[in-house]
Amino acid sequence: MGRVHALVAMSRPDQIALILAVLAAGVLLGLTRPSSSPGAAVLVATIIVVGAAIAAHLVNEAADAETDGRTQRTAFSGGSGALAASHLTPAVPLTVGLGAAALTAVATLMAWASGALPGPAATILLVGLIGGLAYSLPPVAAMRRGWGEPLNALLGGLLLPLSGVAVVVGSVGSADVLAFLPFTFVSLASVLATAWPD
């Protein structure tokens, strides 16, 4: 497996598609508001979410290389398998992932500063990016301290769709949080089930 092919596989395109579906759920909820104004902000947010997901997945592949090497892989656990198949060192996805994270953070700040992205949406997206990195990397490394699954559920089940709401409405209300709380608990059950083999 070549380096580029391996990095694409490690970015987990199938999971990115699911992530975008959750973002779309938030956008759709936001569009039910009379004050909604999606414009180009939805496209900007989509690009930022893809960048954050790529960064988090690549960093996780690097941080979890040893565990993934000992785990029976499934469709949702045990990593992508691309790191071992490519014979790359974990430093490669770590470096590319951190670079993607830096570019995503800069793009988010620039989008906010230019008015292409509402401030609340930019804040949620930056918190999501930081949380995605904190899941795998020290000093937090939440996945190794027993609270990686709740963090993952909060990021993907709550903050991600709320960012979609914030993109089209410009804010997030308590009703939006309540709307996605059930999904957050479903996400927690899902990540617990997929993390168990690891």
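**Entry 1. The whole chain**

I began with burial and noted that 43% of the 198 residues in the protein chain are buried. I should record here that the model is predicted. Next I went through the secondary structure and found nine helices and zero strands in the protein chain. Read from the N terminus, the order of elements is therefore plain to write down: α-α-α-α-α-α-α-α-α.

I then looked up the contacts between residues at least 6 apart in sequence. Of these, 76% join residues at least 24 apart. For the surface, I noted an accessible area of about 9700 Å² for the protein chain. Carbon and sulfur atoms account for 72% of that area.

**Entry 2. The nonpolar cores**

Which residues have the most contacts inside the largest nonpolar core? I found L117, L125 and V167, in a core of 22 residues. The elements that give two or more residues to this core are α2 (13-31), α3 (41-63), α7 (119-136) and α8 (148-169). Among these, α8 gives the most, with eight residues.

I followed V167 further, leaving aside its neighbours within four places in sequence. V167 is in contact with S37, A41, V42, A45, L117, P118 and A121. I also found a second, separate core, which has eight residues. Its members include A52, V59, A101 and L129.

A general remark I copied beside this entry is that nonpolar side chains tend to be buried together in soluble globular proteins.

**Entry 3. Helix α2**

I checked the length of α2. It has 19 residues, so at 1.5 Å a residue it should span 27 Å. The C-alpha atoms at its ends are 26 Å apart, which agrees.

Where do the buried residues of α2 fall when seen down its axis? I first listed them: Q15, I16, V22, L23, G26, V27 and G30. They fall within an arc of 145°, so they line one face of the helix. I then looked up what these buried residues pack against, and noted α3, α8 and α9 (174-195).

**Entry 4. Helix α9**

I made the length check on α9 as well. This helix has 22 residues and reaches 30 Å from its first C-alpha to its last. That is close to the 32 Å expected at 1.5 Å a residue. I also noted a bend of about 35° at L181. A proline, P182, follows within four residues of the bend.

The buried residues of α9 are D176, F180, T184, S187 and V191. They pack against α2 and α8.

**Entry 5. Two residues of α9**

I took D176 first, which lies in helix α9. Is D176 buried or exposed? Its relative accessible area is 2%, and the cut-off for buried is under 20%, so D176 counts as buried. Leaving aside its neighbours within four places in sequence, I found D176 in contact with L29, R33, L162 and V165.

I took F185 next, which also lies in helix α9. Its relative accessibility is 58%, and exposed means over 50%, so F185 counts as exposed. I also looked up the separation between F185 and G157, which are 28 residues apart along the chain. Their C-alpha atoms are separated by 7.7 Å.

How values were computed: Residues are numbered from 1 along each chain as its sequence is written. This is a predicted model: local features need pLDDT of at least 70, side-chain atom pairs count only at pLDDT 80 or more; totals for chains, interfaces and linings use all residues. Side-chain values use heavy atoms; hydrogens and water are left out. A nonpolar core is a set of buried Ala, Val, Leu, Ile, Met, Phe, Trp, Tyr and Cys residues joined through side-chain atoms within 4.5 Å. Buried means under 20% relative accessible area, exposed over 50%, partly exposed in between (1.4 Å probe, protein chains only). Contact means heavy atoms within 4.5 Å. Accessible areas come from the Shrake-Rupley method with a 1.4 Å probe; for residues, only the protein chains shown count as cover. The expected span of a helix is 1.5 Å times one less than its number of residues. The arc is that of the directions from the helix axis to the C-beta atoms. The bend at a residue is the angle between axes fitted to the seven residues ending there and the seven starting there.
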